[in-house]
Amino acid sequence: MEYEVLDTEDVDVTDLSDVEEVPPDLDIRPVGDLLGLEEMNLAIWYFEPGEGIGYHAHSEQEELYYVLEGEFSLKLGRSGETETREVGPGAFWAAGPEVGHGHRYLGDDRGAVLAIGAPPVEDPGLDPHDL
């Protein structure tokens, strides 16, 4: 890919509840797919009150998150060494390979998080307590 410009509204929302292989049942905009990214995954994840992504880790991928809308509770760190933090719009957090991370939306309307993962490998979530 040489370059690409894309407006968020040009990316259709995907309801993950319609995709059996991919938990959790959240809505995303697969921005990276439409941009043709080859070296990273990129998506906007949307959360309703109380929804979240459970505490997990990846064997190879590092992930970077950025809060676009709403307040989130984070659980970060290796098993037995976790930290819980609350963050809002403008906050970044990251987790490297084999480092546990998860977050839950605390707001009353809809929250949104930009998620970037690299390398773009099939790297399903692992239980950090098993690492």
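## Starting point: His103

Let us begin with His103, which is found in strand 9. The model here is a predicted one. His103 has a relative accessible area of 5%, and since buried means under 20%, it counts as buried. Leaving aside residues up to four places away in sequence, His103 touches Phe47, Gly52, Ile53, Tyr65, Phe72, Ser73, Leu74 and Trp93.

## The four-stranded sheet

Strand 9 belongs to an open sheet of 4 strands, arranged in the order 4-9-6-7 with antiparallel pairing. The edges are taken by strand 4 (52–56) and strand 7 (83–87); each has a single partner strand, so one side of each lacks a neighbour in the sheet. Direction ignored, neighbouring strands of this sheet are turned by 20° against each other on average.

As a general reminder, the strands of a sheet pair through backbone hydrogen bonds, in either a parallel or an antiparallel way.

## Strand 6 and its two partners

Strand 6 is a good place to pause. On one side, strand 6 (residues 72–76) is joined to strand 9 (residues 101–105) by 5 bridges, and the two run antiparallel. Within this pairing, Phe72 lies opposite Tyr105 of strand 9, while Leu76 faces His101 of strand 9.

Strand 6 also pairs with strand 7, again in the antiparallel sense, over 5 bridges. Here Ser73 has Glu86 of strand 7 as its bridge partner. The hairpin made by strand 6 and strand 7 has 6 residues between the strands, and Gly77 takes a positive phi near 120° in it.

How enclosed is strand 6 by the rest of the structure? Of its 5 residues, 4 are buried, so strand 6 is largely enclosed.

## The six-stranded sheet

A further open sheet is formed by 6 strands in the order 1-2-3-10-5-8, and its pairing is antiparallel. Strand 1 (14–15) and strand 8 (92–95) are the edge strands; with a single partner strand each, they have one side left without a neighbour in the sheet.

Towards the strand 1 end of that order, 3 bridges link strand 2 (residues 27–29) with strand 3 (residues 41–47), and these strands run antiparallel. Arg29 has Ile44 in strand 3 as its bridge partner.

## Leu64 in strand 5

Strand 5 (residues 62–69) contains Leu64. Is Leu64 buried, exposed or partly exposed? Its relative accessibility is 33%, so Leu64 counts as partly exposed.

Setting aside residues up to four places away in sequence, Leu64 touches Phe92, Trp93, Ala94, Leu114, Ala115 and Ile116. Phe92 is 28 residues from Leu64 along the chain, yet their C-alpha atoms are separated by 7.1 Å.

## Nonpolar cores

In soluble globular proteins, nonpolar side chains tend to be buried together. In this model the largest nonpolar core has 18 residues, and those with the most contacts inside it are Trp45, Phe47, Phe72, Val87 and Trp93. Strand 3, strand 5, strand 6 and strand 10 (111–118) are the elements that give two or more residues to this core. A second, separate core has 7 residues, among them Leu35, Leu42, Ile44 and Tyr46.

These cores tie back to residues met above. Phe47, Phe72 and Trp93, which have many of the contacts listed for the largest core, are also among the residues that His103 touches. Ile44, included in the second core, is the bridge partner of Arg29.

Definitions and conventions
Residues numbered from 1 in each chain as written. Predicted model: local features only at pLDDT ≥ 70, side-chain atom pairs only at ≥ 80, totals over all residues. Heavy atoms only, no water. Pairing = 2+ DSSP bridges. Axes fitted to C-alpha atoms, helices over the stretch in contact; angles between N-to-C directions. Buried < 20%, exposed > 50% of the residue type's maximum accessible area, 1.4 Å probe, protein only. Contact = heavy atoms within 4.5 Å. Core = buried A, V, L, I, M, F, W, Y, C linked by side-chain atoms within 4.5 Å.
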